[in-house]
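Let's take a walk through this chain together, from its overall layout down to single residues. Keep the viewer open and turn the structure as you read.

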Amino acid sequence: MPPRRRGSSGFRGVRVRPSGRFYAEIRAGGFRLTLGTYNTPELAARAYDAAAWRFRRPRRDMNFPDVESLEEAEFLAPAPCLVDDEDRRRHRQVQRRIAIAEHDEQLMRQWRAQFPNDVDNTDAFFADLRAQRRSNRRHRRAVAEFELENPNTTWTENDPRWDDIWTETTSDDE
């Protein structure tokens, strides 16, 4: 029987992802064990070899036959990350949330295109609100500064309105 063809990465059990990273997996007893994604094909191949040692595969099935023991293979490669049903459920849930958010963004783009006056009104409302808050902050600061200079102030020492003197308003004035 001819040897198994190796993938584009040049190593058994290692595939190249579209992102340029390398994905390692091993098949055993009808199951596929995901070993993780790595930056280099050598790291992914080392992870494959460590798993092959654990499954007692012959040395001809390994990428680096110079490794002498399971301990050495585990030392050279990180332990595999097992993917279980809970991980798959969490992943599906995240994917649903992403799909909903993308759909919401698409609907907002359509709404903005259909109702540009609403967008302008919303922008104007928030601009007015920011200007009103800026004005209120300036007024509170001016009152607090007046009270600071006034020797007959009615404010007590622990009055929180004293904080308005030290509140920065320069970032809002721009």
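Are F11 and F64 buried or exposed? Before settling that, please keep in mind that this is a predicted model. Both residues turn out to be buried: F11 is, and F64 is too. We will come back to them once the general layout is clear.

Start with the whole chain. It holds six helices and three strands, and reading along the sequence gives the pattern β-β-β-α-α-α-α-α-α. Of the 174 residues in the chain, 22% are buried. If you take contacts between residues at least 6 apart in sequence, 32% of them join residues at least 24 apart.

Now look for the largest nonpolar core, which has 20 residues. Within this core, V14, I26, L35, Y38 and A44 touch the most other members. Strands β2 (22–28) and β3 (31–38) and helix α1 (41–54) each supply at least two residues of the core. The largest share, eight residues, comes from α1.

Two of those well-connected members deserve a click. Leaving aside residues up to four places away in sequence, I26 touches F31, R32, L33, L35, Y48, A51, A52, F55 and R57. One name on that list, L35, is found in strand β3. L35 counts as buried because its relative accessibility is 3%, and the cut-off for buried is under 20%. It is also instructive to pair L35 with Y23: the two are 12 residues apart in sequence, while their C-alpha atoms are 7.5 Å apart in space.

Just past α1, have a look at the backbone of R56, which sits in the loop between α1 and α2. The phi of R56 is near 55°, a positive value in a residue other than glycine. Why point that out? Most residues other than glycine have a negative phi. With a relative accessible area of 75%, R56 is exposed.

Time to return to the aromatic rings. A pair of aromatic rings is described by the distance of the centres and the angle of the planes. How many aromatic pairs does a search of the whole structure find? The search finds two. In one of them, the rings of F11 and F64 have centres 5.6 Å apart and planes at 40°, so this pair is tilted. F11 lies in the segment before β1 (14–16), and F64 lies in the loop between α1 and α2 (70–76), so the pair ties together parts that are 53 residues apart in sequence. The other pair is formed by F125 and F126, and it is edge-to-face, with 5.1 Å from centre to centre and 75° between the planes. F126 counts as partly exposed, because its relative accessibility is 41%.

Next come the helices. Two packed helices are described by the angle between their axes and the distance between the axes. Helix α3 (residues 85–114) packs with α4 at an angle of about 100°, and the two axes are 5 Å apart. Helices α3 and α4 are therefore roughly perpendicular to each other. Where do they meet? On the α3 side you will find W111, R112, A113 and Q114, and on the α4 side P116, D118 and V119. By type, the residues of the contact of α3 with α4 divide into four nonpolar, one polar and two charged.

Finally, move along α4 itself, which covers residues 116–149. Two residues here make a nice contrast. F146, found in helix α4, is exposed, with a relative accessible area of 51%. E147, also in α4, counts as buried, because its relative accessibility is 13%. What does E147 touch, not counting residues up to four places away in sequence? The list is T153, T154, W155 and W162. As for F146, compare its position with that of I165: the two are 19 residues apart in sequence, and 9.6 Å separates their C-alpha atoms in space.

Note on methods:
Residues are numbered from 1 along each chain as its sequence is written. This is a predicted model: local features need pLDDT of at least 70, side-chain atom pairs count only at pLDDT 80 or more; totals for chains, interfaces and linings use all residues. Side-chain values use heavy atoms; hydrogens and water are left out. Helices (H or I, at least four residues) and strands (E, at least two) are DSSP runs, numbered from the N terminus. Buried means under 20% relative accessible area, exposed over 50%, partly exposed in between (1.4 Å probe, protein chains only). Contact means heavy atoms within 4.5 Å. Axes are lines fitted to C-alpha atoms, for helices over the stretch in contact, and angles run from 0 to 180 degrees between N-to-C directions. Angles under 35 degrees count as roughly parallel, over 145 as roughly antiparallel, 65 to 115 as roughly perpendicular and the rest as oblique. Ala, Val, Leu, Ile, Met, Phe, Trp, Tyr, Cys and Pro count as nonpolar, Asp, Glu, Lys and Arg as charged, and the others, Gly among them, as polar. A nonpolar core is a set of buried Ala, Val, Leu, Ile, Met, Phe, Trp, Tyr and Cys residues joined through side-chain atoms within 4.5 Å. Rings of Phe, Tyr and Trp (its six-membered ring) pair if their centres lie within 6.5 Å; planes under 30 degrees apart count as stacked, over 60 as edge-to-face and the rest as tilted.
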